[in-house]
Amino acid sequence: MASLKDLRNRIASVKATQKITKAMQMVAAAKLRRAQEAAEAARPYSERMDAVLANIAQAVSGNEAPTLMTGTGKDDVHLLVVATADRGLCGGFNSQIVRLVREHVRKLLAEGKTVKILTVGRKGYDMLRRDYAGMIVDRVELKEVKQIGFANADEIAKKVIALFEAGQFDVCTLFYSQFKSVISQVPTAQPLIPAATGDVEEGSNAIYDYEPSAEEILGDLVPRNIAVQIFKALLENVAGEMGAKMTAMDNATRNAGEMIDKLTITYNRQRQAQITKELIEIISGAEAL
Amino acid sequence: MAESFKFELVSPERLLISEEVEQVIIPGAEGEMTVMASHAPVMTTIKPGVVTVKPASGSEQRYVVFGGFADVVPQGCTLLAESAVPVGEFDRAELEKRIEAARRDAESTENDEARSRAELYLNKLTTLEGAILPA
């Protein structure tokens, strides 16, 4: 049985932990709001981009389209771009993404394909390094970045495109966590190369003038679209991470509260027991006289 | 009073303008062009430069853009800029950083095509530097 002093120390330490988790939860809540705003602000651009891309892809016939969009025609080597958070303490957020990646890798390996991995974010790298160290071709850390800007995404996109142009892979898939709500983030695999083009809106088939040529515009647009997709994924990831962290920290705070309650009851009970014991000793001592 | 049309300037980070305008001057890849209402559908890449927007009401606004696309239809015009900043808030250091990076790119690339592309880009950036210097 722990002594009264031990119990007191224990309660104090749990209280300190609770304070920390509470603070982390509030920080995550504030950051979540900002991240959500950023994700929302980025939406118009990617929507318009999709529309323009779908439109122009229709104008350029199959053979002239850049290979970045149509792929190499093979699917032997797969590049998986895995976007995770840089920090832990956010519940199952990172492991959810990594689990999806693992399933994917196993499936691809079973089919006899070659797999390469590019990780974005420290946690994904740490987790995947254990099993697939040989497959990781490159990694990007965004720990120093406070607010993710388009430039960060562009840098990653450039790496991917450089690898593609060097013939290092045929198919590229992006893994990230889609932000559904504060309590729900869905890990998602999204094809990057070949690009998945949306449907063209009916009635938008006006005859366009292209300056310079449609092919050249498309050649410029497709790499940028990859950057935009990555940017969107990164922003959703940040929002998701903060949402998951908020929930996790809320749970931790509540757990700590419960623990404190339990410990306090034990402490009170023990103290009472000791007082009773002392009283009995005094009384029986007095009676013996 | 000229006819107005809908103009949108979007950068990946945010939507900068979405309003009725009279005319917009876009630094197209093949030369500047002025877009007014009922323009024929054009899609063009843009080079680094200054976009001048004349809203239906209010005074002229100028934005520095670094590459992107313009999608012009008779009903409106959408400009997808890689990065867009109002001329007043433009940071000279940022431009110098880009010029420096472009210069390094131009020097480091091995293949000729990439080098000429990088040099072209560098050229455009230096022109832009000249264009906004007096502003």
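This is a short dialogue on reading confidence, burial and contacts in a predicted model.

Student: Where do I start with confidence, and what is the mean pLDDT of chain B?

Tutor: Start with the chain average, then go to the elements. Chain B has a mean pLDDT of 80. Of its residues, 88% reach 70 or more.

Student: Which elements of chain B have the lowest and highest mean pLDDT?

Tutor: Helix α2 of chain B, residues 112-132, is lowest at 69. Strand β1 of chain B, residues 5-10, is highest at 89.

Student: What ipTM and pTM does the predictor give the complex?

Tutor: The ipTM is 0.73. The pTM is 0.83.

Student: Now burial. Is Glu241(A) buried or exposed?

Tutor: Compare the relative accessible area with the cut-off. Buried means under 20%. Glu241(A) has 9% relative accessibility, so it counts as buried.

Student: Where is Glu241(A), and which residues does it touch?

Tutor: Glu241(A) lies in helix α6 of chain A, residues 214-288. Leave out residues up to four places away in sequence, and Glu241(A) touches Ala85(A), Arg87(A), Cys90(A) and Phe93(A).

Student: Take Ile260(A). Where is it found, and is it buried or exposed?

Tutor: Ile260(A) is also found in helix α6 of chain A. Its relative accessible area is 9%, so Ile260(A) is buried.

Student: Which residues does Ile260(A) touch?

Tutor: Apply the same sequence filter. Ile260(A) then touches Ile11(A), Val14(A), Lys15(A) and Gln18(A).

Student: How do I read sequence separation against distance in space?

Tutor: Set the two numbers side by side. Ile260(A) and Ser13(A) are 247 residues apart along the chain. Their C-alpha atoms are separated by 9.6 Å.

Note on methods: Residues are numbered from 1 along each chain as its sequence is written. Chains are lettered from A and ligands numbered from 1 in the order in which they are written. This is a predicted model: local features need pLDDT of at least 70, side-chain atom pairs count only at pLDDT 80 or more; totals for chains, interfaces and linings use all residues. Side-chain values use heavy atoms; hydrogens and water are left out. pLDDT is the predictor's confidence in each residue, from 0 to 100. Helices (H or I, at least four residues) and strands (E, at least two) are DSSP runs, numbered from the N terminus. Buried means under 20% relative accessible area, exposed over 50%, partly exposed in between (1.4 Å probe, protein chains only). Contact means heavy atoms within 4.5 Å.
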